[in-house]
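Hello,

Here is the structure we talked about handing over. Please open it alongside these notes; the findings follow below.

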Amino acid sequence: MGATPEPGTGTAMALDPEEAPGRGSVRDLVTGLPARARDRFGDRALALGLLVGLILVMVVPLVALPAVRCETFGDGNGCKPKFQEPRAEPIRAGAAQVSPVQVALQGSYVALGDSYSAGVGADLTAADLNPLNRCHRTGQAYYHEVAKAFRFARGSAFWACSGAKTGDVMRGKSGEPPQIDRVDQNTSLVTISIGGNDVGFSKVLAGCVIKLPWSKNCEEQGRDIASRMATLRQELPGVLEEIRTRAPRARVIVLGYPRAFKESSGSDGDNISVADQQWLNGRARDLNELIRQAVTEADARIAATRAPGSVEFVDAYSAFAGHEVGTADPYMNGLAVNLSALAPESRSYHPTANGYKALARLFIDQVNRGPGRPLNPPR
């Protein structure tokens with residue numbers, strides 16, 4: 001009964017930390033240190049044990065668990081590369097380009113401008129001659145051919161107006177709202193002819209053709225034309241900029257004017273000399289160059305800022321070559337005089353139906369060809 005149990009044989013006695021020298025006690029198990037370390041370090045043994053335990057907690061997972069090691073030290077320590085969420089590839093120069101036709105067709109097409117866009121001179125139907133048609137838009141205008149040639153995502157609209165000047169595009173004419181209000185952020189193609197009325201070409205032609213005793217000689221009008229062209233040079237860029245502001249992703253295609261006359265022979269019945277014809281053709285060339293310069297500058301600004309869209313010029317100066325006024329198959333109407341008013345009728349020196357088809361082909365080719373530079377994608 002009173003015999004001392006042998007070490008390790010009594011459960012109650014084994015739980016006593018002071019019993020069984022040389023074996024691990026409860027405290028030794030907690031600290032992870034053998035008894036002799038406890039004897040050597042005394043009360044510091046517990047602290048040392050905790051420190052060793054913390055080190056083990058940190059080191060063992062790094063050695064035993066590769067995932068923990070890779071997360072801590074990265075992929076350069078014999079680890080498989082970590083999965084990374086895919087990122088969008090940066091747009092390369094080639095990939096950033098979009099085709100000219102894609103840009104033109106992604107929204108709506110709007111035709112603006114003056115009588116050369118409205119279709120004056122090709123009045124073939126009762127609707128064309130309707131007095132309520134105050135802008136004289138006709139069924140033969142180039143707009144119709146362009147609208148049929150392509151499928152625009154948001155349709156097309158025809159708002160050109162006979163007699164329009166640059167200011168009329170901005171403010172309206174003949175009781176209609178401003179043409180510029182027809183253009184919005186969904187517009188992807190704009191065609192326009194503008195400037196001929198600003199320089200007063202109808203009056204110039206009248207001065208050259210209807211030679212009355214009080215009329216000026218044809219070339220004497222040069223100074224007035226130069227003054228009006230200078231004004232147009234200041235105002236046209238503002239029109240182009242406003243179109244771009246309203247339709248910032250659109251291609252804007254601006255039409256030049258075709259020459260009306262041959263260079264080497266007279267026009268039968270038009271009371272105009274070859275010299276006058278050549279002079280008038282020269283003024284048409286000057287007007288075209290003015291428009292070309294304004295268009296080139298506008299497009300250069302777009303390209304410099306890598307903005308979408310474009311402003312493009314269609315050179316129509318020689319579009320009627322071989323079909324000028326007085327030829328066997330004219331694409332331009334000759335002189336028609338309103339005798340009661342002693343003034344040319346509106347169709348005078350405007351394209352015929354075939355003339356508008358020729359202009360339509362120029363526009364269609366330009367839509368397909370583009371501005372001659374890469375187009376930036378829509379933003």
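**The sheet and what packs on it**

β1 and β3 run parallel and are joined by 6 bridges. One residue pair to look at there: Ser 108 has Thr 187 in β3 as its bridge partner. Please keep in mind that this is a predicted model.

On the other pairing of β3, 4 bridges link this strand to β4, again in parallel. Two pairs mark the register. Leu 189 sits opposite Arg 251 in β4. Thr 191 sits opposite Ile 253 in β4.

β4 in turn pairs with β5, in the parallel sense, over 5 bridges. Here Val 252 is opposite Val 311 in β5.

Put together, the strands form an open sheet of 5, in the order β2-β1-β3-β4-β5, with parallel pairing. β2 (156-158) and β5 are the edge strands, and each pairs on one side only. From one strand to the next, the twist averages 15°.

α8 packs on this sheet. It touches β1 (108-113), β2, β3 and β4. The direction of α8 makes about 165° with that of β1.

α13 also belongs in this picture. It lies across β3, β4 and β5 and runs at about 150° to β4.

**How covered are the strands?**

How many residues of β3 are buried? The count is 7 of 7, so to speak of β3 as mostly covered is fair, because buried is set at under 20% relative accessible area.

β5 is an edge strand, yet 5 of its 5 residues are buried. Ser 310, Glu 312 and Val 314 point one way from β5. Val 311 and Phe 313 point the other way. Both sets are buried.

**Thr 187 and Ile 194**

Thr 187 lies in strand β3. Its relative accessibility is 2%, so it counts as buried. Beyond residues up to four places away in sequence, Thr 187 touches Ser 108, Val 110, Arg 182, Ala 247 and Ala 250. Ser 108 is also its bridge partner, as noted above.

Ile 194 is in the loop between β3 and α10. Is this loop residue buried or exposed? Ile 194 is buried, because its relative accessible area is 1% and the cut-off is 20%. Setting aside neighbours within four places in sequence, Ile 194 contacts Asp 114, Ala 164, Lys 165, Thr 166, Val 169, Leu 236, Tyr 257 and Ile 291. Take Lys 165 from that list. Ile 194 and Lys 165 are 29 residues apart along the chain, and their C-alpha atoms are separated by 6.5 Å.

**Helix α13**

α13 covers residues 353-369. Its 17 residues, at 1.5 Å a residue, should span 24 Å. The end C-alpha atoms are 24 Å apart, so the expected and modelled spans agree.

Which residues of α13 are buried? They are Ala 353, Gly 355, Tyr 356, Ala 358, Leu 359, Ala 360, Phe 363, Ile 364, Gln 366 and Val 367. An α-helix has 3.6 residues a turn, so residues three or four places apart point the same way. What covers the buried residues of α13 includes three helices and three strands by name: α6 (100-105), α7 (115-118), α8 (142-149), β3 (187-193), β4 (251-255) and β5 (310-314).

After α13 comes Gly 370. The phi of Gly 370 is positive, near 90°.

**The α10 and α12 pair**

α10 (residues 201-209) and α12 (residues 274-304) pack at an angle of about 170°. Their axes are 11 Å apart. The angle makes α10 roughly antiparallel to α12, because the cut-off for that term is over 145 degrees.

From α10, the residues involved are Phe 201, Val 204, Leu 205 and Cys 208. They meet Asp 276, Trp 279, Leu 280, Arg 283 and Ala 284 in α12. By class, this contact has 7 nonpolar, no polar and 2 charged residues.

**The chain as a whole**

The protein chain has 13 helices and 7 strands. Of its 379 residues, 42% are buried. Among contacts between residues at least 6 apart in sequence, 71% join residues at least 24 apart.

Best wishes

Notes: Residues numbered from 1 in each chain as written. Predicted model: local features only at pLDDT ≥ 70, side-chain atom pairs only at ≥ 80, totals over all residues. Heavy atoms only, no water. Helix = DSSP H or I, 4+ residues; strand = E, 2+ residues; numbered from the N terminus. Expected span 1.5 Å × (residues − 1). Buried < 20%, exposed > 50% of the residue type's maximum accessible area, 1.4 Å probe, protein only. Contact = heavy atoms within 4.5 Å. Axes fitted to C-alpha atoms, helices over the stretch in contact; angles between N-to-C directions. Parallel < 35°, antiparallel > 145°, perpendicular 65-115°, else oblique. Nonpolar A, V, L, I, M, F, W, Y, C, P; charged D, E, K, R; others polar. Pairing = 2+ DSSP bridges.
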